[in-house]
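Work through the exercises below with the sequence and the 3D structure side by side. Try each task yourself before you read its solution.

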Amino acid sequence: MPILFVPDPRLRAKAKPVVAAGPEIAALSERMLATMYKAPGIGLAAPQVGEMLRLVVIDLHENDIRAPLVMVNPTIIADSKELATREEGCLSLPNQFAEVTRPARVKVGYQDLTGAKREVEGEGLLAACLQHEIDHLDGVLFVDHLSALKRNMMLRKLAKELKAKASE
């Protein structure tokens, strides 16, 4: 599946809830995981591949072991007052990285592919990844957490790189 790049307007749109997890959503999540692994990345939201649904796949590849997490209609139900700053990047903003400050811990409610309600709690990289991917479902990019100056510099640099790549 092709990954959308900024400034594609679909990356700024709010995704629609998945009405019912079924074979189509399972197949989409499999294609999304394959796309994420190939990129390579550790998270991918459906809007990043042009599917305007509240669906996220994550795999941190801890200890080089695949352990995919597929989340249908994820929402942050609790976050810590304590903050943490980590370097983030995004498959929709290739080769762009910046320090982003977010809550250090989060609890996320979601449905699995059978429709069962689940929760996951994360801290560290998982917390940042959960928040980053759920942001995508609301049309928010990691650069939106930066100062206007940093964000504009990064977006100009990305536009220049994508333009140069397109003319190759």
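The exercises that follow go from the sheet to its helices and cores, and then to single residues.

The model is predicted, so local features need pLDDT of at least 70 and side-chain atom pairs count only at pLDDT 80 or more, while totals for chains, interfaces and linings use all residues. Residues are numbered from 1 along each chain as its sequence is written, and side-chain values use heavy atoms, with hydrogens and water left out.

**Exercise 1. The sheet**

Task: Find the order of the strands in the open sheet, and say which strands stand at the edges.

Solution. Begin with the vocabulary: helices (H or I, at least four residues) and strands (E, at least two) are DSSP runs numbered from the N terminus, and two strands pair if DSSP finds at least two bridges between them. In general, strands of a sheet pair through backbone hydrogen bonds, either parallel or antiparallel.

Step 1: The open sheet has 5 strands in the order β1-β2-β3-β6-β7, and the pairing is antiparallel. Step 2: β1 (43-45) and β7 (117-123) each have a single partner strand, so they stand at the edges and one side of each is left without a neighbour in the sheet. Step 3: From one strand to the next the twist averages 40°, where axes are lines fitted to C-alpha atoms (for helices over the stretch in contact) and angles run from 0 to 180 degrees between N-to-C directions.

**Exercise 2. Bridges and the faces of β2**

Task: Follow the bridges through β2, and decide whether its faces are covered or open.

Solution. Step 1: β1 and β2 run antiparallel and are joined by 3 bridges, with Ala45 standing opposite Val56 of β2. Step 2: β2 and β3 also run antiparallel, joined by 4 bridges, and here the partner of Val56 is Met71 in β3. Step 3: In a regular strand the side chains alternate between the two faces of the sheet. Step 4: In β2, Leu55 and Val57 lie on one side and Val56 and Ile58 on the other, and as these residues are all buried, both faces are covered; buried means under 20% relative accessible area, exposed over 50%, and partly exposed in between (1.4 Å probe, protein chains only).

At the other end of the strand order, β6 (residues 105-111) pairs with β7 over 7 bridges in the antiparallel sense, and one such pair is Gly109 with Glu119 of β7.

**Exercise 3. The helices and the cores**

Task: Determine which strands each helix lies across, and which element gives the largest share of the largest nonpolar core.

Solution. Step 1: Helix α1 (residues 23-38) lies across β1, β2 (55-58) and β3 (69-79), at about 40° to β2. Step 2: Helix α2 (residues 124-137) lies across β1, β2, β3, β6 and β7, at about 125° to β7. Step 3: Of the 14 residues of α2, 12 are buried, so this helix is largely enclosed by the rest of the structure.

Step 4: A nonpolar core is a set of buried Ala, Val, Leu, Ile, Met, Phe, Trp, Tyr and Cys residues joined through side-chain atoms within 4.5 Å. The largest one has 17 residues, of which Ile58, Met71, Val108, Val120 and Leu130 touch the most other members. Two or more residues come from each of β2, β3, β6 and α2, and the largest share, 6 residues, is that of α2. Step 5: Apart from this core lies another, of 16 residues, among them Val18, Met32, Leu33 and Val57.

**Exercise 4. Two residues compared**

Task: For Ile76 and Arg54, decide whether each is buried, partly exposed or exposed, and list the contacts of Ile76.

Solution. Step 1: Ile76 belongs to strand β3, and its relative accessible area of 37% makes Ile76 partly exposed. Step 2: Leaving aside neighbours within four places in sequence, Ile76 is in contact (heavy atoms within 4.5 Å) with Val106, Lys107, Val108, Gln131 and Ile134. Step 3: Arg54 sits in the loop between β1 and β2 and counts as buried at 11% relative accessibility. Step 4: The side chain of Arg54 makes a polar contact with the side chain of Asp138 at 3.1 Å; a polar contact is a pair of N or O atoms within 3.5 Å, where within protein one must be able to donate a hydrogen and the other to accept it, and residues adjacent in sequence count only if both atoms are side-chain atoms. Step 5: Ile76 and Arg54 are 22 residues apart along the chain, and their C-alpha atoms are separated by 13 Å.
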